[in-house]
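Hi everyone, thanks for coming. I'd like to walk you through one structure today, going from a pocket to a ring pair and then to a few individual residues. Here it is on the screen.

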Amino acid sequence: AEQSLLELETELDARKALDDLARGARPSIFVALLEPDRLDALARKADSYGVPAESPSGARLRRLFTEGPPLGIHVILSVGSGRALFALIDLRKGVPHFDLRLLLQMPEDESGDLTGKRTAATLQADGEIPISALAFNADAGSTVRFKPNVAMPLESGDDANPGVLGELPALAGQLARRAATA
């Protein structure tokens, strides 16, 4: 992960050096990190005053999600909870850079931190199975409640029905073909 972040930071710096026309000719890069809170290299650690501070890899990640979007580099984070997200990025300085947020059931305080409302704390009032999720657009301040497509563990599946993780290679192939024809 650290080597990948270093390479992406190098690409970020290279794109900054280009003029608008040359930058527009470069393909967009989407960086999807699943459960990045499990990577110690990205974790914020308490400094000598007890204040969470970024690691060098965390600083690279921050550069990607703050400076990357206008240069065609976009970061997608998938974490299990608001607490896990806050272990990676600063609540006040980092979270606002993620305009679109998809949320499942979470505690009221985390829902408030991510949306300004307690809506994501009341999504599964009738049980633990994901009945609905929340799409939050920070720019518009709007929320849309929707039914998630998957209500099974990611690892589930067999040869006939590969499950979500088994479908990822096929989805990646479709995206690659779509990008090649664009």
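Let me begin with the second largest pocket, where β3 (52-53) and α3 (56-67) each supply at least two residues of the lining. Before I go on, please keep in mind that this is a predicted model. The space in that pocket comes to about 160 Å³. What lines the second largest pocket? The residues are Arg-44, Pro-52, Ala-53, Glu-54, Arg-62, Phe-65, Leu-88, Ile-89, Asp-90, Lys-93 and Gly-94. Sorted by class, that lining has five nonpolar residues, five charged ones and one polar one.

Let me zoom out for a moment. The chain has six helices and seven strands, and from the N terminus on the elements run α-α-β-β-β-α-β-α-β-α-β-β-α. Of the 182 residues in the chain, 29% are buried. For the contact-map people here: among contacts in the chain with a separation of 6 or more, 46% are between residues 24 or more positions apart.

Now back to one of the pocket-lining residues, Phe-65. A pair of aromatic rings is described by the distance of the centres and the angle of the planes. The count of aromatic pairs here comes to one. Its members are Phe-65 and Phe-98, 4.9 Å centre to centre with 45 degrees between the planes, which makes the pair tilted. Where do the two rings sit in the chain? Phe-65 is in helix α3, while Phe-98 is in the loop between α4 (82-88) and β5 (100-103), so the pair ties together parts that are 33 residues apart in sequence. Both Phe-65 and Phe-98 are buried.

Staying with helix α3, let's look at two more of its residues. Ser-57 lies in α3, and at 2% relative accessibility Ser-57 counts as buried. Leaving aside neighbours within four places in sequence, Ser-57 is in contact with Glu-2, Leu-5, Ala-41 and Leu-42. Ala-59 is found in α3 too, but Ala-59 is partly exposed, with a relative accessible area of 22%. From Ala-59 to Arg-44 is 9.6 Å, C-alpha to C-alpha, and the two are 15 residues apart in sequence. Arg-44, you may remember, is among the residues lining the second largest pocket.

Next, helix α5, residues 108-115. Which residues of α5 are buried? They are Glu-110, Ser-111, Leu-114 and Thr-115. These residues cover an arc of only 105 degrees around the axis, which puts them on the same side of α5. What covers them includes α4, β5 and β6 (133-137).

Leu-114 is a nice one to click on. Its relative accessibility is 6%, so Leu-114 counts as buried. Not counting neighbours within four places in sequence, Leu-114 is in contact with Gly-82, Leu-85, Phe-86, Val-95, Arg-101, Leu-103, Met-106 and Phe-136. Pro-96 is 18 residues from Leu-114 in sequence and 8.8 Å away in space, C-alpha to C-alpha. Just after α5 comes Gly-116, with a positive phi of about 80 degrees.

That brings me to backbone angles. Most residues other than glycine have a negative phi. Glu-35 is not a glycine, yet has a positive phi of about 55 degrees. You'll find Glu-35 in the loop between β1 (29-34) and β2 (45-46). Is Glu-35 buried, partly exposed or exposed? Glu-35 is partly exposed, with a relative accessible area of 36%.

Last stop, the first two helices. Arg-23 lies in helix α2, residues 20-25. With a relative accessible area of 18%, Arg-23 is buried; the cut-off for that is under 20%. Setting aside residues up to four places away in sequence, Arg-23 touches Arg-15, Lys-16, Leu-18, Pro-70 and Leu-71. Leu-71 also comes up with Ala-14: their C-alpha atoms are separated by 9.9 Å, and they are 57 residues apart along the chain. Ala-14 is found in helix α1, residues 2-16, and is partly exposed at a relative accessible area of 31%.

That's my tour, so please fire away with your questions!

Key:
Residues numbered from 1 in each chain as written. Predicted model: local features only at pLDDT ≥ 70, side-chain atom pairs only at ≥ 80, totals over all residues. Heavy atoms only, no water. 1 Å grid on protein atoms, 1.4 Å probe; cavity = no way out; pocket = protein on both sides within 12 Å on 5 of 7 lines; lining within 4 Å. Points joined across faces, edges and corners; volume = space filled by probe spheres on them. Helix = DSSP H or I, 4+ residues; strand = E, 2+ residues; numbered from the N terminus. Nonpolar A, V, L, I, M, F, W, Y, C, P; charged D, E, K, R; others polar. Phe/Tyr/Trp six-rings, centres within 6.5 Å; stacked < 30°, edge-to-face > 60°. Buried < 20%, exposed > 50% of the residue type's maximum accessible area, 1.4 Å probe, protein only. Arc of directions from axis to C-beta. Contact = heavy atoms within 4.5 Å.
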